[in-house]
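Trainee: Could we go through this model together, beginning with the ligand and then turning to the strands?

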Amino acid sequence: MTDTNIPSASSRGPNREWSAVLPPESLGALPRMLSGDEQRYLIWLTESRYEGWGAVVDLGCWLGSSSACLAEGLARSGKQGRVHSFDLFRWDPSYMERDSSLRLAYGADFMPEFLRLTLPWKERIQAQQADLFEFQWRGGPIEILFVDAAKTWGLTNAILRNFGPAIDPGRTRVVFQDFRYPQTMWLPLLTGSRPDLWTEVENTADGYTSTWMVNRSLHGPGGIGGDYGPESFDFVTASRILEERERIDPAGRSLYTQTRLRAALMYGEDADVSAARSMVEALNCPEHERTPTWILEDIASDLVPLAWNAIGAGDATRAVVIAMRCLRSRCPAPFALGPLGLALSRLRRHEEAESRLLQMREQLPDRPEPLIYLADVKSAQGPSHDALKLLEQALAALPGDSGNGDYVFALLERIASQPGGARPSLQVAESAKPEMLADPKIRGRLERIRARS
Ligand SMILES: C[S@@+](CC[C@H](N)C(=O)[O-])C[C@H]1O[C@@H](n2cnc3c(N)ncnc32)[C@H](O)[C@@H]1O
């Protein structure tokens, strides 16, 4: 099929053929994270659009609501075919208990519950436990790829990499369940930044779902050309795409307005943040379309690694800029204070550095990281008794196999090389847990400290 044959959602308007679909009563027994319209859409999709030339795949099937809808549609179509349902099947109470009365321990296997709940569709569903970061699809062309697991930049990249080759240009429907959700901002950005590659074919009247086709192979010439990450976009591009979405997808308008605030926090100037915040505050939308501030403004998980990367690349100025962006958020970001403090210290702004790290220690009183960063900043300025005390406390708090062990020992080595630092440094080093000292790299550092004392 050529580009021009792909039906487009905007040219079709909001006429949603699935609005009259009647879901089966049995579906009511399943906990779900999908809206009613999303469920009707999935039933319609496999009932009315499935042709049978490729697989139906459900990525992130949880307790089975999406799989059951897709299976129900397949059964109604009378065609052969099964839903291939993938999930980690590991329970995470932090978000799963919101939508289910099931109470399992963190990490518990919930596949048995999935199988029990989807029993009425068992002939039509094949469930498989898989980590989508790793799993490579080898099941031939995919006709319908329902994606409800694109929860991070990394997972989205892995899904595009591992399932992308089975996407047939102009034929496969890629259903992004999280498309309008502000926290998965990369979905509208990755499609909107490449209108030559992606065409929207449907979206739902409520919920977050938007369905796309690709105009050519994702991984061939003119394809996506690599992984996406927070640095793939900028504020001008993000705003343009999100404003455009507000215009062409009115059902998602309030969600895109909220996404624009997230984009402003990630990429914009202070004035952009204020303007975007005012627009969010002025929204007159139903409560369920409002993303709680602690989710909407939580940008630290994206930006803190970038700030550390900037420090690693020797660009302390950029690290400060990135870390300061986290502090504009109304969602506390204590971990941004770490790279901020260290970057300020690299810029010789020692007082500010210490004050940021003391703030971090106040906000994270039980964590060893602020102690280590403070010791780093203090010992960079010369021999420091305070730094040794902090490292002693950090060693007492760190588990024996902590990745931070080597960092602590590097600082002890630094202090050991300073006048009068060798003996007290050795004393602290010897207080480390035996498991930590079993690491050959750390042992090597200990030997060098010993040799100096
Ligand atoms: C929002 S829930 C899906 C809801 C479900 N589609 C429904 O209709 O109710 C997201 C699912 O993605 C799964 N998931 C998250 N990370 C994953 C990974 N790395 N590999 C496989 N599944 C993953 C989670 O276990 C969870 O069940």
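Mentor: Let us begin with a polar side-chain atom of Ser-66, which in this predicted model lies 2.9 Å from a nitrogen atom of the ligand.

Trainee: Which residue has an N or O atom in its side chain 2.9 Å from a nitrogen atom of the ligand, besides the one you just named?

Mentor: A polar contact requires a pair of N or O atoms within 3.5 Å, and a polar backbone atom of Ala-130 is 3.5 Å from a nitrogen atom of the ligand. That one comes from the backbone, whereas the side-chain atom you ask about, 2.9 Å from a ligand nitrogen, belongs to Asp-131.

Trainee: How much of the ligand's accessible area does the protein cover?

Mentor: On its own, the ligand has 590 Å² of accessible area. Of this area, the share that the protein covers is 94%.

Trainee: Which helices give two or more residues to the shell around the ligand?

Mentor: The ligand is surrounded by 20 residues, with Gly-60, Ser-66, Asp-87, Leu-132 and Asp-148 the closest. By character, the shell divides into 12 nonpolar, three polar and five charged residues. The elements that give two or more residues to this shell are helix H3 (65–77) and helix H4 (93–96).

Trainee: Turning to strand S5, are Val-174 and Phe-176 buried or exposed?

Mentor: In a regular strand, side chains alternate between the two faces of the sheet. In S5 (residues 173–176), Arg-173 and Val-175 lie on one side and are buried. Val-174 and Phe-176 lie on the other side, and both of these residues are likewise buried.

Trainee: In which sense do strand S4 and S5 pair, and what is the hand of the crossover between them?

Mentor: S4 (residues 142–147) and S5 pair over four bridges in the parallel sense, with Leu-145 standing opposite Val-174 in S5. From S4 the chain passes through helix H6 (residues 153–163) before reaching S5, and this β-α-β crossover is right-handed.

Trainee: Which residue of strand S7 stands opposite Phe-176?

Mentor: S7 (residues 210–214) pairs with S5 over three bridges, in the antiparallel sense. Within S7, the residue that stands opposite Phe-176 is Ser-210.

Trainee: Finally, for the protein as a whole, what percentage of the residues is buried?

Mentor: The secondary structure comes to 21 helices and seven strands, and the C-alpha atoms fill a box of roughly 80 × 50 × 45 Å along the principal axes. Counting as buried those residues with under 20% relative accessible area, the share among the 453 residues of the protein is 55%.

Notes
Residues are numbered from 1 along each chain as its sequence is written. This is a predicted model: local features need pLDDT of at least 70, side-chain atom pairs count only at pLDDT 80 or more; totals for chains, interfaces and linings use all residues. Side-chain values use heavy atoms; hydrogens and water are left out. A residue is near a molecule or strand if one of its heavy atoms lies within 4 Å of it. A polar contact is a pair of N or O atoms within 3.5 Å; within protein, one must be able to donate a hydrogen and the other to accept it, and residues adjacent in sequence count only if both atoms are side-chain atoms. Accessible areas come from the Shrake-Rupley method with a 1.4 Å probe; for residues, only the protein chains shown count as cover. Ala, Val, Leu, Ile, Met, Phe, Trp, Tyr, Cys and Pro count as nonpolar, Asp, Glu, Lys and Arg as charged, and the others, Gly among them, as polar. Buried means under 20% relative accessible area, exposed over 50%, partly exposed in between (1.4 Å probe, protein chains only). Two strands pair if DSSP finds at least two bridges between them. A crossover is right-handed if, with the strands pointing away from the viewer, the path from the first strand over the helix to the second runs clockwise.
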